[in-house]
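Visitor: I'm new to this structure and would like a close look at a single part of it, the sheet. Could you walk me through how the sheet is put together and what surrounds it?

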Amino acid sequence: MALRNLVKNDNEFLGKKSRPVTVFDDKLSTLVEDMKETLRKEVGAGLAAPQVGILRRIFIADIHGDGSEYKEFINPEIISATGKNDRYLEGCLSYPGRSFRITRAHKVKMRAQDVNGNFFDFKAEDFVARCLQHEFDHLEGITIPMIGEEVFENE
Ligand SMILES: [Zn+2]
């Protein structure tokens, strides 16, 4: 395993749409493990492949909201998104030190593949649902400076 370098403050790259994963091989497993190691070191809630320089539809997320497990979502789809949540300010490892106000769905259901290509459904709400929507956006080339209202500390 190895740490990957994060792409930061680069809207030209982070603004691109990622392509689906079609091959579930050792290279993919290594990438996912590297992303998990990188996210653990950065103490983040989620990380998408474009943030480590790879335009493929892969992200990992803290699925319990406590850092105990990072799960991979490959070729994710949003099955449903309901309710509104504006409780949290949102940050991003690619835009360090900045916070944005963004209204997200309160609950989401996603379908994705794991590192072996097996499909699974995953339901989340509140903080975890926000994280999944944030990471999904990265795969569409959408970043929080594009959609959020920046909040400065002394406001
Ligand atoms: Zn992000």
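**A close look at the sheet**

Guide: Let's start with the strands themselves. In this predicted model, five strands make up an open sheet, and going across it you meet them in the order β1-β2-β3-β6-β7, with antiparallel pairing. At the edges sit β1 (46-48) and β7 (119-125), each of which pairs on one side only. The sheet isn't flat-on from strand to strand either: on average, neighbouring strands are turned by 40 degrees against each other, direction ignored. As background, strands of a sheet pair through backbone hydrogen bonds, either parallel or antiparallel.

Now pick out one pair. Strand β2 covers residues 58-62 and strand β3 covers residues 70-82, and the two are joined in the antiparallel sense over five bridges. If you want a spot to find by eye, look for D62, which stands opposite Y70 in β3.

Next, a helix that goes with these strands. Helix α2, residues 26-42, lies across β1, β2 and β3, and runs at about 40 degrees to β2. Helix α2 also carries D34, whose side chain meets that of R4 in a salt bridge (2.8 Å, N to O). R4 belongs to the segment before α1 (11-14) while D34 is in helix α2, so this pair ties together parts that are 30 residues apart in sequence. The two partners sit in unlike surroundings: D34 counts as buried because its relative accessibility is 3%, whereas R4, at 26%, counts as partly exposed.

Back to the strands, and over to the β7 edge. There you can find another salt bridge, between the side chains of K109 and D121 (4.0 Å, N to O). Since K109 lies in strand β6 (residues 107-113) and D121 in strand β7, the pair ties together parts that are 12 residues apart in sequence. K109 is partly exposed, with a relative accessible area of 24%, and D121 is partly exposed too, at 40%. In general, side chains of opposite charge can pair when their charged atoms come close.

What about the nonpolar side chains? The largest nonpolar core has 18 residues, and the members touching the most others are F59, A61, F73, V108, F122, A124 and L132. The elements giving two or more residues to this core are β2, β6, β7 and α3 (126-139). Helix α3 provides the largest share, six residues. L132 is a good place to zoom in: setting aside its neighbours within four places in sequence, L132 is in contact with F59, A61, F73, V108, M110, F122 and A124. There's also a second, separate core of 16 residues, which includes L28, L47, A49 and V115.

One last step takes you to some other charged pairs. The structure holds 12 salt bridges, and E90, R104, R130 and D137 are linked in a network of them. Another one joins E150 and R98, whose closest N and O atoms are 2.8 Å apart. That pair links distant parts of the chain, with E150 in strand β8 (residues 149-151) and R98 in the loop between β4 (89-90) and β5 (99-101), 52 residues apart. E150 counts as partly exposed at 22% relative accessibility, and R98 is partly exposed with a relative accessible area of 31%.

Conventions: Residues numbered from 1 in each chain as written. Predicted model: local features only at pLDDT ≥ 70, side-chain atom pairs only at ≥ 80, totals over all residues. Heavy atoms only, no water. Pairing = 2+ DSSP bridges. Helix = DSSP H or I, 4+ residues; strand = E, 2+ residues; numbered from the N terminus. Axes fitted to C-alpha atoms, helices over the stretch in contact; angles between N-to-C directions. Contact = heavy atoms within 4.5 Å. Buried < 20%, exposed > 50% of the residue type's maximum accessible area, 1.4 Å probe, protein only. Core = buried A, V, L, I, M, F, W, Y, C linked by side-chain atoms within 4.5 Å.
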